[in-house]
Amino acid sequence: MTEAIYPSLRDRVVLVTGGASGIGAAEVAAFAAQGARVAFVDIADDPAIALAARLAAAGHPEPFFQHCDLTDIAALRAAIAEVGRRLGPITVLVNNAANDQRHRWEDMTPEYWDERLAVNLRHQFFAIQAVAPMMKAAGGGSIVNFGSVSWHASQGGMPAYTTAKAGVEGLTRGMARDLAPDNIRVNCVIPGWIMTERQINLWLTPEGEANLLRNQCLKRKLEPADIARMVLWLAADDSRMVTSGLFPVDGGRI
Ligand SMILES: NC(=O)c1ccc[n+]([C@@H]2O[C@H](COP(=O)([O-])OP(=O)(O)OC[C@H]3O[C@@H](n4cnc5c(N)ncnc54)[C@H](O)[C@@H]3O)[C@@H](O)[C@H]2O)c1
């Protein structure tokens with residue numbers, strides 16, 4: 001497939017959360033291939049270090065990896081400040097990290113509820129709050145939040161995750177209004193079922209795949225790069241008048 005080149009992304013400072021594996025790793029690679037200056041945070045050090053080395057070996061600018069547990073807001077703020085010091089003001093934020101661990105509603109405790117919301121929603125707001133002043137000073141920016149088709153499709157088996165992902169869409173629309181005066185755009189990508197290593201290893205079954213393809217208009221499985229392409233466009237100046245948008249990339253499922 002021909003890959004688009006976005007001249008506006010060259011040298012742009014981009015932060016991807018949860019960039020060590022899965023869709024986030026595809027985003028880090030896609031931005032590096034555009035000549036952007038990419039930073040990413042994650043808790044998974046080994047795959048993160050391997051990814052940065054692989055991209056540097058391929059001749060791209062080496063992404064800057066910073067270990068950070070996003071449920072720790074003080075650590076998140078410190079990581080964002082460090083990226084700003086090292087690479088310059090962040091003008092693209094990709095709020096990608098999440099964890100889709102399954103859980104039974106009958107077993108839910110207040111503590112586990114808070115922990116699930118912390119890993120799947122809260123950090124997206126606090127990352128926005130920390131980067132917005134940098135974007136404002138730089139004359140604008142683009143923020144891409146990550147939702148999910150799961151709650152649109154009434155998927156059960158993980159109520160705190162589906163609640164958090166519904167919240168991401170509300171966060172997107174509210175912050176798009178608040179940040180527009182500073183030329184900061186806020187959009188949300190809503191992935192369908194994407195064939196990451198984790199999804200293939202943990203959840204993909206022949207029946208699940210058949211059911212997925214029955215429900216999608218396009219009868220092909222989605223790859224992480226399909227999501228990264230949408231993220232690139234939302235980050236680039238080509239989408240300069242697009243904000244408050246909710247973008248399913250799901251082969252036509254919801
Ligand atoms: N893969 C899918 O089918 C799918 C479907 C719908 C939505 N999404 C959304 O797309 C985004 C990416 O999903 P993915 O499938 O690549 O996920 P993944 O689980 O494969 O990767 C998530 C990354 O985030 C990191 N991470 C998790 N908790 C963290 C924490 N506390 N601090 C820092 N980093 C942390 C992980 O280490 C990992 O590298 C998520 O927001 C997810 O909800 C994915």
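A nonpolar core is a set of buried Ala, Val, Leu, Ile, Met, Phe, Trp, Tyr and Cys residues joined through C-beta atoms within 7 Å. A residue is buried if 20 or more other C-beta atoms lie within 10 Å of its own, exposed if 12 or fewer, and partly exposed in between, with C-beta atoms placed from the backbone. The model is predicted: local features need pLDDT of at least 70, side-chain atom pairs count only at pLDDT 80 or more, and totals for chains, interfaces and linings use all residues. Numbering starts from 1 along each chain as its sequence is written.

**View A. The largest nonpolar core and Val14.**
The largest nonpolar core has 74 residues, and Val14, Leu15 and Val131 touch the most other members. Helix H4 (residues 110-138) gives the most to this core, with nine residues. Helices (H or I, at least four residues) and strands (E, at least two) are DSSP runs, numbered from the N terminus. Two residues are in contact if their C-beta atoms, placed from the backbone, lie within 7 Å. Not counting residues up to four places away in sequence, Val14 touches Phe31, Ala36, Arg37, Val38, Val92, Val94 and Ala235.

**View B. The shell around the ligand.**
A residue is near the ligand if its C-beta atom, placed from the backbone, lies within 6 Å of it. Of the 29 residues around the ligand, Gly18, Gly22, Ile23, Ala98 and Phe146 come nearest. The shell has 15 nonpolar, 10 polar and four charged residues. In this classification Ala, Val, Leu, Ile, Met, Phe, Trp, Tyr, Cys and Pro count as nonpolar, Asp, Glu, Lys and Arg as charged, and the others, Gly among them, as polar. At least two shell residues come from each of helix H1 (22-33), strand S2 (37-42) and helix H7 (197-202). H1 gives the most, with three residues.

**View C. Helix H1.**
Because 11 of its 12 residues are buried, H1 is largely enclosed by the rest of the structure. The buried residues include Gly22, Ile23, Glu27, Val28 and Phe31. The expected span of a helix is 1.5 Å times one less than its number of residues. For the 12 residues of H1 this gives 16 Å, and the end C-alpha atoms are 17 Å apart, which agrees. H1 is followed by Gly35, whose phi is positive, near 80 degrees.

**View D. Helix H4 and its flanks.**
From its first C-alpha to its last, the 29-residue helix H4 reaches 40 Å, close to the 42 Å expected at 1.5 Å a residue. H4 bends by about 55 degrees at Ala118, where the bend is the angle between axes fitted to the seven residues ending there and the seven starting there. Gly139, just after H4, takes a positive phi of about 95 degrees. Asp107 sits in the loop between strand S4 (92-95) and H4. Asp107 is exposed because 7 other C-beta atoms lie within 10 Å. The C-alpha atoms of Asp107 and Gly18 are separated by 27 Å, and these residues are 89 apart along the chain.

**View E. Phe65 and Val83.**
Phe65 lies in strand S3 (residues 64-67). Phe65 has 21 C-beta neighbours inside 10 Å and therefore counts as buried. Beyond residues up to four places away in sequence, Phe65 touches Phe40, Ala48, Ile49 and Ala52. The C-alpha atoms of Phe65 and Phe40 are 5.1 Å apart, with their positions 25 residues apart along the chain. Val83 is in helix H3 (residues 73-87) and counts as buried, with 26 C-beta neighbours inside 10 Å. Leaving aside neighbours within four places in sequence, Val83 is in contact with Leu15, Ala39, Phe64, Gln66 and Ile90.

**View F. Positive phi values at Ser154 and Asn183.**
Ser154 lies in the loop between helix H5 (149-152) and helix H6 (159-179). Its phi is near 55 degrees, a positive value in a residue other than glycine. Ser154 counts as exposed, with 7 C-beta neighbours inside 10 Å. Asn183, in the loop between H6 and strand S6 (184-191), likewise is a residue other than glycine with a positive phi, near 60 degrees. Asn183 has 15 C-beta neighbours inside 10 Å, so this residue counts as partly exposed.
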